[in-house]
Amino acid sequence: MAKAILQLGALTCPSCMTKIQKAVENQDGVSNVKVLFNAGKVRADFDESKTSADNLSDVITDLGYDVLKVKVKENA
Amino acid sequence: MNKLNIWISKHQNKITAAIAILIALSLISNYLIKIPVAGTVFMIIASILGAIPVALHAFSALKNKVISIELLVTIAVIGAFIIGEYEESAVVTFLFLFGNYLEQKTLEKTRSSVKSLTQMAPTTAELVNEDGKTETVDVDDLDEGDHVLVKPGGQIPVDGKIIDGTGYMNEASITGESTPVKKGIGDKVFAGSLTDNGTITIETTSVGEDTTFGKIIELVEEAQDSQSPAARFIDKFATYYTPAVLIIGILVWIITQDFPLAITVLVLGCPGALVIGAPVSNVAGIGNGAKNGILMKGGNAVNTFSHVDTLVLDKTGTLTTGKMSVTEFSDYGKDKNHDLALLSAVEKTSDHPLGQAIVKHVNDLGIKETPELPELDTVKGQGLMGQNDDFKILVGNARLMKANNVKISASAQKDIDGRMNDGDSVVLMAVNDELRLVIGVNDQLRSDAREGLQALKDAGLKRIVMLTGDNKVAAQRVAERLPIDEVHAELLPEDKVDFVKKFKEQGSTVAFVGDGINDSPSLATADIGIGMGTGTDVAIETSDIILVKSSFDALAHAYTLAKKTVANTKENIFIAVGTVALLLIGLVVGVIHMGSGMFVHEISILVVIFNAMRLIGNKSQKLDSNQVVQAAN
C-alpha cells in the first residue's frame with residue numbers, strides 16, 4: 001500500500017468535494033480517501049498493484065479540476 | 001467532453017464576464033435603441049453560454065450519484081428557456097456563476113491564515129553530496145540521513161541533528177518562542193525554523209509531512225475540514241434536502257399545473273448559504289487560532305471547548321514555567337556582593353537547576369567578580385564543599401551545615417523557616433563554618449497567568465482547579481496569587497485523572513491543561529485536552545487543542561475564539577434558514593420571481609461568508625507586560 005497526496009487548485013463548492021471523494025473511492029484498490037476542502041488536497045491509500053497515483057490524478061482531472069502536484073509515500 | 005469540462009472550468013470567470021456583457025447589450029437593445037429582437041437574441045446566447053458550465057457540473061455530479069445545486073439550477077434554466085423566459089434564464093445563470101466567483105474570492109480570504117502557514121514550509125534544500133559539493137534540491141527528494149547545509153538567515157528544510165557548526169535558531173514557528181536559541185553539534189533542529197546567524201550542516205531525521213512543522217500544518221488542514229456537529233447535521237440534511245426540493249418542484253408542477261411556479265421553486269430551494277454557512281465559520285475561526293499559535297483539532301473541539309465550564313490546570317510547567325528562579329535571599333556577612341560572587345562561582349560548577357537559577361540571579365544583579373575557589377567535592381544529598389589554606393566553603397542544605405557544625409542564629413532560622421513555608425527550596429552558604437547566605441529558589445509563575453485566568457473567568461468559565469504533585473504549602477502559595485477556586489496537592493498522575501473523572505461525573509464539561517508529557521492520561525480523559533507549550537508529537541496526538549506558545553493570554557484567546565466561532569456558526573445557520581423562509585413567503589405573496597430569488601440567494605451566501613470573516617481579525621487584547629508585573633507583585 002502507498003499513500004497519495006494530491007494538491008488541487010482551490011475548491012469552492014462543497015459539492016465538488018463529494019464528487020471527487022466518490023470518484024476516487026470508486027477506483028479499484030483505493031481506500032481511506034480524504035478530501036480536504038479548504039486545503040484543496042486529496043489524500044488516499046492505494047494498492048500499487050491495482051492503480052497508481054497518476055491514475056488518481058487523471059480521475060480528478062477528468063472531473064474538471066486541476067491537479068497541481070502529486071506526492072506518493074511508500075508505506076512500509 | 002473532459003477537455004471541454006477542464007477548458008470551461010478554467011475559463012469560467014471569463015464566461016461569466018461575457019454573460020454580463022451580453023445581458024448589458026440586451027438591456028441596451030431593449031430600452032435604449034429599442035430593438036427588442038436583438039435584445040432577445042442576446043439573452044438567448046447568454047442563457048446558453050451560462051447554462052453549459054452549470055449543466056456540466058450537474059452532469060458530472062450526477063454520474064457520481066450526487067444531486068447537486070447545479071442540477072436544480074440547470075433544470076430551472078432549461079425550463080425557463082422552454083417557456084421563453086430568456087431574460088430570467090440568463091439572469092439566473094449569470095447570478096449563479098457570478099456568485100460562484102465571489103464565493104471563490106471571499107473563501108480565499110477565510111483560508112488565508114492557513115495558507116500563510118503552509119507557505120512558511122520549506123520547499124528546497126542545499127544537499128551536501130559525498131564529494132562535499134552542494135546542490136539545490138526539492139525537499140521531497142531528501143531522505144533520512146542526507147546531509148543538508150543551511151546558511152545564515154536560511155530556513156531549516158528538515159527535522160534533524162546538527163553535525164557541524166553552531167548558530168542561533170529562531171524556532172517561533174514550532175515553539176512560539178521568538179527569542180533565538182543557540183544550537184551546536186548534536187542539537188536537534190526543526191524544519192520551518194530560521195537560522196539567525198551561523199552556517200550549519202544537518203543530518204536529516206525526517207522530511208516533509210513527517211517533520212514537526214509538517215504535522216502542525218497537517219493538523220490544521222484536517223481541523224478546518226473536520227466538521228462541528230452542527231455542520232455535520234447540515235451536511236446530512238443537504239444531501240436529502242436537494243433531492244427533496246427537486247421532488248417538491250415536480251409535485252408543484254403536477255398539482256398546480258403551473259410550470260413557471262415549479263421552476264421558481266427549484267431556484268428558491270437551492271441550499272446555497274446553508275451548505276457554506278457552518279463550514280465557513282469553522283474555517284475562519286480555526287484559521288484565526290492557527291495564526292495566533294492555537295491549534296484546534298476541528299469543529300468538534302471548538303464546539304466542546306466553547307461549552308467548557310471547569311478548567312483543570314497542572315501546576316508545574318503549566319501555571320509555572322518549570323524553570324527555577326531566586327525568590328528571596330538573606331545575608332549575614334560583611335560583604336554581601338563578594339559572598340554572592342562566591343556562591344555563584346560555586347554554583348557555576350554544577351548543572352543543578354537550583355544552581356543555574358542562582359548563577360542567573362547573581363548575574364542579573366550585575367555582580368561580575370569571579371573569586372578564586374578551592375577544589376570542590378560533592379557531598380551526596382547535601383551539597384558542595386571545598387577547602388584550601390585560605391578558607392573553607394560550604395554550599396548546600398541544612399544537613400550540610402549541621403554536619404559541619406555551622407551555627408545558625410535564631411534570626412537566620414526564622415529566614416529559613418519563612419522560605420520553607422513559602423514552599424521554596426533553600427540553599428545555604430557558609431564560609432569558614434560561618435553562615436553567610438540563605439537563598440530561596442522556586443519555580444517561576446508564568447507572567448500572564450493571573451491576567452489570563454481572570455480573562456477566562458470573565459469569558460464565562462465557572463471553576464478553575466489546580467492539581468499538583470507538589471506539597472500543600474507550595475501549591476497554596478501559588479493559588480493565593482491567582483483566581484483559582486480549588487487546589488488539590490500532593491497528587492500522583494493517576495489521582496489527577498480521578499479528579500477529572502469526578503468533575504465529569506458531576507456534570508461539568510472539563511478542559512485539562514498540561515504539558516503533554518506526564519499528563520497524557522488526564523489530557524485524554526478530559527472533554528478537552530489542552531497541550532501547552534510543547535511542539536512534541538505526544539502533545540499533538542493526545543490534545544484536542546494545542547497552544548504552541550505557553551501563554552495564558554493564548555488560552556484565554558482560544559476560549560473566547562471557540563465561543564465566538566460557535567456563535568458565528570449559529571448566526572450563519574439562522575441567516576441561511578431565514579433566507580429560504582423569507583423567499584418562500586415572498587413566493588406565496590407573489591413578490592419573488594426566479595431572477596430576484598437567485599439574487600437574494602447569492603446575497604445570503606455572501607452575507608454568511610462576510611459574517612465568518614469577522615472571525616479572522618479577532619484577537620483578544622494583548623497584555624501589557626508592566627500591568628502583569630504589577631499584578632503579580
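These legends walk through several views of a predicted model with chains A and B.

**Figure 1. Chain A as a whole, with two helices and four strands.** Follow chain A along its sequence and you meet the pattern β-α-β-β-α-β. The radius of gyration of chain A is 11 Å, close to the 11 Å that the globule rule gives for 76 residues, so chain A is as compact as a globular protein of that length. Its C-alpha atoms fill a box of roughly 35 × 20 × 20 Å along the principal axes. Of the 76 residues in chain A, 49% count as buried.

**Figure 2. The surface, charges and contacts of chain A.** The accessible surface of chain A comes to about 3300 Å², and carbon and sulfur atoms make up 45% of that area. Chain A carries 10 positive and 10 negative side chains. How far apart do the centres of the two sets lie? The separation is 10 Å. Among contacts in chain A with a separation of 6 or more, 64% join residues 24 or more positions apart.

**Figure 3. Chain B as a whole, with 24 helices and 22 strands.** For the 633 residues of chain B, the globule rule gives 26 Å, but the radius of gyration is 34 Å, well over that value, so chain B is more spread out than a compact globule. The C-alpha atoms of chain B fill a box of roughly 115 × 65 × 40 Å, again along the principal axes. Buried residues make up 51% of the 633 in chain B.

**Figure 4. The surface, charges and contacts of chain B.** About 29300 Å² of surface is accessible in chain B, with 56% of it belonging to carbon and sulfur atoms. Chain B has 55 positive and 75 negative charges, and the mean positions of these two groups are 4 Å apart. Of the contacts in chain B with a separation of 6 or more, 67% are between residues 24 or more positions apart.

**Figure 5. Helix H9 of chain B, residues 259–268.** Is this helix largely enclosed or largely open? Seven of its 10 residues are buried, so helix H9 is largely enclosed by the rest of the structure. Look for the buried residues B:Ala262, B:Ile263, B:Thr264, B:Val265, B:Leu266, B:Val267 and B:Leu268. At the N-terminal end of H9, B:Asp258 acts as a cap, with a side-chain oxygen 3.3 Å from the backbone nitrogen of B:Leu261.

**Figure 6. B:Ile23 in helix H2 of chain B, residues 12–31.** B:Ile23 counts as buried, at 11% relative accessibility. Which residues does B:Ile23 touch, not counting those up to four places away in sequence? They are B:Met43, B:Ala46, B:Ala90, B:Val91 and B:Phe94. Now zoom out to find B:His147, which is 124 residues from B:Ile23 in sequence and 62 Å from it in space, C-alpha to C-alpha.

**Figure 7. B:Glu602 in helix H23 of chain B, residues 594–613.** Is B:Glu602 buried or exposed? Its relative accessible area is 9%, and anything under 20% counts as buried, so B:Glu602 is buried. Leaving aside neighbours within four places in sequence, B:Glu602 is in contact with B:Leu95, B:Phe96 and B:Gly99.

**Figure 8. Two loop residues of chain B with positive phi, B:Asp433 and B:Glu490.** Start with B:Asp433, in the loop between strand S16 (425–431) and strand S17 (434–445). Its phi is near 60 degrees, a positive value in a residue other than glycine. B:Asp433 is partly exposed, at 28% relative accessibility. Next, find B:Glu490 in the loop that runs between strand S19 (486–488) and helix H19 (493–505). The phi of B:Glu490 is near 55 degrees, and this residue is not glycine either. B:Glu490 also counts as partly exposed, with a relative accessible area of 48%.

**Figure 9. B:Ala410 in helix H16 of chain B, residues 410–421.** The relative accessibility of B:Ala410 is 67%; over 50% counts as exposed, so B:Ala410 is exposed. How far is B:Ala410 from B:Gly452, C-alpha to C-alpha? These two residues are 42 residues apart along the chain, and their C-alpha atoms are separated by 41 Å.

Key
Residues numbered from 1 in each chain as written. Chains lettered and ligands numbered in written order. Predicted model: local features only at pLDDT ≥ 70, side-chain atom pairs only at ≥ 80, totals over all residues. Heavy atoms only, no water. Buried < 20%, exposed > 50% of the residue type's maximum accessible area, 1.4 Å probe, protein only. Polar contact = N/O pair within 3.5 Å; in protein donor to acceptor, adjacent residues only side chain to side chain. Rg over C-alpha atoms; globule rule 2.2 N^0.38 Å. Contact = heavy atoms within 4.5 Å. Areas by Shrake-Rupley, 256 points an atom, 1.4 Å probe, with all protein chains shown as cover. Lys, Arg positive; Asp, Glu negative; His and termini not counted. Charge placed at Lys NZ, Arg CZ, Asp CG, Glu CD.
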